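Work through the following exercises with the structure open beside you, and try each task before you read its solution.

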Amino acid sequence: MAIEHTRITIRPFKESDMEDVLLWLGDNRVLQNTRMEACNSKEEALDFIKTKCNYPLQQSICLDDHSIGIICVRPYDKEKHKADLGYAIGFNYWGQGIVTKALRILLCKVFQEFPHLHRLEAHTLVENKASQRVLEKVGFHREGLLRKAFCHKGNIEDFYIFSFLSTDEILHAI
């Protein structure tokens, strides 16, 4: 059964999200293509919320106001005109268009919240085809393959770089 996309929101994390966060941040399937570390206890999940989830940079992807994932914008230190985009969502929600919807919500407001920002970049491992499709569905442009440029989980990997500019159009067709 398809999830009604009006039930999907992004919002700041709350301490009460602790148990929901533990469900997805404790799942290695969710973390396999991310830079995040696993949370293995309620205490670690609460610490993650308190120390790593600074609004508006990190926001919770929610279904009926339950945290099922994260979407992050990380501005570069020296190049303030661009930022790195990242996301992860609970395994049970993969392939349902939820991240696509969350990205569209984020793109509608990120350049207003960060007026100095002109470019979002997203990086995907070559084998992460699902994430590549999500980015392209909302209007990101695949710019190229960077070979052996990313240390991921102890391995030097190839990855694709995608971009979305403040002047780009958000694609809504699926």
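Two strands count as paired if DSSP finds at least two bridges between them. The model used here is a predicted one.

**Exercise 1.** Find the order of the strands in the open sheet, and decide which strands stand at its edges.

*Solution.* Step one is to follow the pairing from strand to strand, which gives the order β1-β2-β3-β4-β5-β7-β6 for an open sheet of 7 strands with mixed pairing. Step two is to look at the ends of this order: β1 (8-11) and β6 (141-152) each have a single partner strand, so one side of each is left without a neighbour in the sheet. Neighbouring strands of this sheet are turned by 30° against each other on average, if direction is ignored.

**Exercise 2.** Describe how β4 is joined to β3 and to β5, and how well β4 is covered.

*Solution.* Begin with β3 (residues 66-75), which pairs with β4 in the antiparallel sense over 7 bridges, with Val73 standing opposite Leu85 in β4; a hairpin of 6 residues joins the two strands. Turn next to β5, which pairs with β4 in the parallel sense over 4 bridges, and where Glu121 is the bridge partner of Asp84. Between β4 and β5 the chain passes through helix α4 (residues 98-113), in a right-handed β-α-β crossover. Finally, 8 of the 8 residues of β4 are buried.

**Exercise 3.** Is Ala149 buried, partly exposed or exposed?

*Solution.* Ala149 lies in strand β6. Buried means under 20% relative accessible area and exposed means over 50%, so Ala149, at 47%, counts as partly exposed.

How values were computed. Residues numbered from 1 in each chain as written. Predicted model: local features only at pLDDT ≥ 70, side-chain atom pairs only at ≥ 80, totals over all residues. Heavy atoms only, no water. Axes fitted to C-alpha atoms, helices over the stretch in contact; angles between N-to-C directions. Buried < 20%, exposed > 50% of the residue type's maximum accessible area, 1.4 Å probe, protein only. Right-handed = clockwise from strand over helix to strand, strands pointing away.
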